[in-house]
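I wanted to look up how the sheets of this model are put together and which helices lie across them. My notes are kept in the order in which I looked.

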Amino acid sequence: MTVLTTSRLAIKNARNITATPAHSVALKKLTHTLMVSTVLGTLGTLSLSAQAADAKTDTTESNTAAIATSTASANTPVSVRESTNGMIALVNDTPILKSQLVSAMATAQARIQASGQPAPSAQRLQNDVLNSLILRQLQLDMVKRAGIRPDADVVNQSLARFAQSQGLTSLSQLQQTLDAKQPGSYASLRAQVIEEESLKALQQSQVANRVRITEQDIDAFLASPEAQRLQSAEYRTIHIRIPFSDDYNRITESEKQTALQIAQQAKNLLMNTDDAQSVLDELSAGIAKNYVAPVQGGDMGYHEASGLPTDIAKQITPLNVGQVTEPQITPEGIDVVKLVDKRNNDNMIIPQWKVRHILIKTDEQNSDALAEQKINDLYEQLRHDADFSALASTYSNDPGSAGRGGDLDWVAEGQMVPEFEEMMKRTPKGDYSIPFKSQFGWHILKVEDTREKDVSDTVKRNLAREALYQRLAPQAQEDWLQELRANAYIQIFD
């Protein structure tokens with residue numbers, strides 16, 4: 001994971017120009033817009049906001065009382081009688097407690113209610129949630145045995161998205177805010193994100209090993225009528241969120257109604273303008289002035305539908321340009337989305353740069369000042385005609401490219417972090433840049449060549465691969481989870 005992240009410098013766009021495997025997109029469950037940044041995981045996973053607020057375990061007396069209240073309101077049939085927090089199941093050597101089941105059921109019920117879907121019976125809900133908790137524990141056991149741990153950059157990016165969804169601008173501000181409410185909340189939240197990212201990496205690897213898509217499969221798909229519906233369209237959207245002060249099931253009816261009124265006003269404003277900031281300003285100065293939380297959102301730019309959250313993609317793809325969705329209630333807030341523009345990319349001629357780079361990472365062993373000093377020393381050697389490839393092979397901390405003399409191959413717009421792309425565009429062909437800094441550390445890059453390339457066929461084949469994978473992946477995942485459960489020791493208590 002580290003090799004991929006550093007060698008491509010956190011590729012951030014949804015378009016798979018370099019024919020990267022599509023399955024990473026198909027199983028990716030983290031939401032990628034500014035406003036939506038809750039880790040969902042499995043059915044029994046708590047939202048990050050709730051997890052941060054309830055950082056302590058559910059075995060304390062106060063939490064047991066809260067759980068009893070949730071149980072009564074949900075009319076759940078949990079029936080372990082010997083204690084208020086007895087084992088409901090044993091998964092290999094790990095117990096699942098009654099409190100865990102009740103808490104997960106309350107969260108699942110809130111999400112079902114917020115989605116507007118019909119609620120299952122209490123027994124069905126309990127069975128589904130308990131099954132999710134069991135499968136989750138089996139996967140956590142695999143994560144532990146395999147030593148899977150996500151890259152720190154991935155964890156920080158997930159936390160940064162969550163901070164933005166709460167109106168915060170940095171991880172340090174998020175930590176201060178959470179720990180001010182309850183000491184240790186940020187550490188608990190970070191541990192939860194690490195766990196979720198580890199599970200996601202496990203699922204991706206397991207399902208990817210079970211799904212085989214050949215070039216012949218792609219050719220057959222592209223020749224089928226279904227492929228005619230495969231469009232490489234990009235959607236420019238404005239997304240406004242009216243956030244809740246807490247999870248949907250814990251806020252007052254008054255707050256729900258006020259949020260809905262603000263959302264309806266946001267829709268009315270968006271119908272008459274494409275200026276997202278003016279909508280936010282008018283809402284904040286008017287109907288939302290005294291609301292419990294700041295209205296969030298903005299112009300999200302162009303995205304492929306596959307790069308948007310599933311619920312939002314389903315809403316905007318049927319829209320005509322200029323139309324606005326109805327307010328959609330989610331557990332975290334009410335969303336209103338406008339389709340500002342739509343463009344097709346059937347003929348994609350894009351500029352590309354052939355780039356090498358040298359990276360000196362900043363980490364616990366290498367301070368920013370020391371990394372800057374090292375990169376400046378290398379820059380001086382380049383100025384005295386040192387060979388760029390040789391320096392990259394010897395000194396670069398990017399394991400994905402150092403062995404190739406720093407070669408990143410052909411790079412297109414939107415593939416690299418902003419600092420790298422800006423410097424790449426400024427550097428003349430055949431020349432190297434001055435030292436510059438990104439989130440990964442200090443760099444020097446060299447532009448060896450430039451070109452204009454038609455990537456239409458590559459994009460279409462990647463979209464076909466993605467469509468085939470999304471068709472096959474759910475069954476592959478279900479088969480894997482059933483095998484995982486069948487090979488485990490599981491005891492469920494009445």
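The entries below take the two sheets in turn.

Before starting I noted that this is a predicted model, in which local features need pLDDT of at least 70, side-chain atom pairs count only at pLDDT 80 or more, and totals for chains, interfaces and linings use all residues. Residues are numbered from 1 along each chain as its sequence is written, and side-chain values use heavy atoms, with hydrogens and water left out.

Entry one. I looked up an open sheet of three strands (DSSP runs of E, at least two residues, numbered from the N terminus; two strands pair if DSSP finds at least two bridges between them) and found the order β2-β1-β11 with antiparallel pairing. Because β2 (94–97) and β11 (490–492) each have a single partner strand, one side of each is left without a neighbour in the sheet.

Entry two. I followed strand β1 (residues 87–91), which pairs with β2 over four bridges in the antiparallel sense, and I saw that Ala89 stands opposite Ile96 in β2.

Entry three. I turned to an open, antiparallel sheet of four strands, whose order I wrote down as β4-β3-β6-β5. Its edge strands, β4 (296–304) and β5 (328–329), each pair on one side only.

Entry four. Within that sheet I found strand β3 (residues 233–243) and strand β6 (residues 333–344) running antiparallel and joined by eleven bridges, with Val337 in β6 as the bridge partner of His239.
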